[in-house]
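Here's a walk through one protein chain, stop by stop. Keep the viewer open and follow along.

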Amino acid sequence: MIKIPTLYKSIEFIRPISWEEIFKNWEKNEAPQESWKKHWTEIGCKSWKEWRSAFATPLKPEQQDWFLCEIKNPLEDSLNFYGVPSRAWIEKCYNGEKTKQIKDVLFSPVISENQKILAIKNNFPKKTILIGIVFKNKIIIYEGQHRTCALAIWDKKIPFKEKVFIALAKWKGEEFPAVGGKTRKISSKN
């Protein structure tokens, strides 16, 4: 079983889960989206699988022990997650740091003006699974950044009834990896 950092008060363990199951769920939900298809073809990938397999490679996902958990209060816990350490987010949102806590970047134009985040907020999936890594008492989102940001900017006056899960693995290395294709060497201030 995985030890969930105490900062995240509403996350409850459900069961172990395989990387294969996680990856199939990710594909089912993301591959049909035209905006992502346009993205992966523009960067030279032939398929969603080719693109996302390369994206996930630094995590060594097949070598991790994965656990499925439910986030009982995603509007609160989403603020405390750390954002995906990908080249695009590092350059556009984290001022060169490898990651930042979601609550610290909420007012960045990359989030507040992001059409994908706003569209998700207006039509949040009834059931969704994020992918994260537990590293030094924090959870870093590796897949589901747009959904996590949509949760973090949710209007608290609007009831949230959807189910949010997260697949978690504990990163055992000294430094957590950046993801997303050709990632240049990045400082790790965080």
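## A buried glutamate in a loop

Let's start with E97, which counts as buried because its relative accessibility is 19%, and the cut-off for buried is under 20%. E97 sits in the loop that links α5 (87–92) to α6 (109–112). If you want a partner to look for, try P85: E97 and P85 are 12 residues apart in sequence, and their C-alpha atoms are 8.7 Å apart in space.

## How far to trust the model

Bear in mind that this is a predicted model. Mean pLDDT for the protein chain comes out at 91, with 95% of the residues at 70 or more.

Which residues need some caution? Over residues 182–190, pLDDT stays under 50. The model does give that stretch 20 contacts beyond four places in sequence. Still, where pLDDT is low, predicted coordinates shouldn't be read in detail.

## Helices α1 and α3

Two packed helices are described by the angle between their axes and the distance between those axes. For α1 (residues 19–30) and α3 (residues 48–56), the angle is about 130° and the axes are 11 Å apart. The two helices are therefore oblique to each other, and the crossing of α1 and α3 is right-handed.

Who's touching whom? On the α1 side you'll find W19, F23, W26, E27 and E30, and these meet W48, K49, W51, R52, S53, F55 and A56 in α3. Sorted by class, that contact has 7 nonpolar, 1 polar and 4 charged residues.

An α-helix has 3.6 residues a turn, so residues three or four places apart point the same way. Keep that in mind as you look along α1, where W19, F23 and W26 are among the residues that meet α3.

## Helices α7 and α8

Now move on to α7 (residues 115–122) and α8 (residues 145–152), which pack at an angle of about 65° with their axes 8 Å apart. Here too, the crossing is right-handed. K116, I117, I120 and K121 come from α7, and they meet H146, R147, C149 and A150 of α8. By class, the residues in this contact split into 4 nonpolar, 1 polar and 3 charged.

How many residues of α8 are buried? The count is 8 of 8, so this helix is mostly covered, given that buried means under 20% relative accessible area. Polar and charged names turn up on that list: Q145, H146, R147 and T148 are buried, among others in α8.

## The turn between β3 and β4

Next, have a look at the loop between β3 (127–135) and β4 (138–143), where K136 lies. N137 is in the loop between β3 and β4 too. K136 isn't a glycine, yet it has a positive phi of about 45°. N137 also has a positive phi, near 65°, and it's a residue other than glycine.

Are these two buried or exposed? K136 counts as exposed because its relative accessibility is 57%, and N137 is exposed as well, with a relative accessible area of 61%.

## P5 reaches across the sequence

Last stop: P5, in the segment before β1 (11–17). With 4% relative accessibility, P5 counts as buried. What does P5 touch, leaving out residues up to four places away in sequence? Its contacts are V134, N137, K138 and I139.

The pair P5 and K138 is a nice one to pick out on screen: they are 133 residues apart in sequence, while C-alpha to C-alpha they are 6.2 Å apart in space. N137, one of the residues that P5 touches, is the exposed loop residue from the previous stop.

Definitions and conventions. Residues are numbered from 1 along each chain as its sequence is written. This is a predicted model: local features need pLDDT of at least 70, side-chain atom pairs count only at pLDDT 80 or more; totals for chains, interfaces and linings use all residues. Side-chain values use heavy atoms; hydrogens and water are left out. Axes are lines fitted to C-alpha atoms, for helices over the stretch in contact, and angles run from 0 to 180 degrees between N-to-C directions. Helices (H or I, at least four residues) and strands (E, at least two) are DSSP runs, numbered from the N terminus. Angles under 35 degrees count as roughly parallel, over 145 as roughly antiparallel, 65 to 115 as roughly perpendicular and the rest as oblique. A crossing is left-handed if the near helix is turned anticlockwise from the far one by less than a right angle, and right-handed if clockwise. Contact means heavy atoms within 4.5 Å. pLDDT is the predictor's confidence in each residue, from 0 to 100. Buried means under 20% relative accessible area, exposed over 50%, partly exposed in between (1.4 Å probe, protein chains only).
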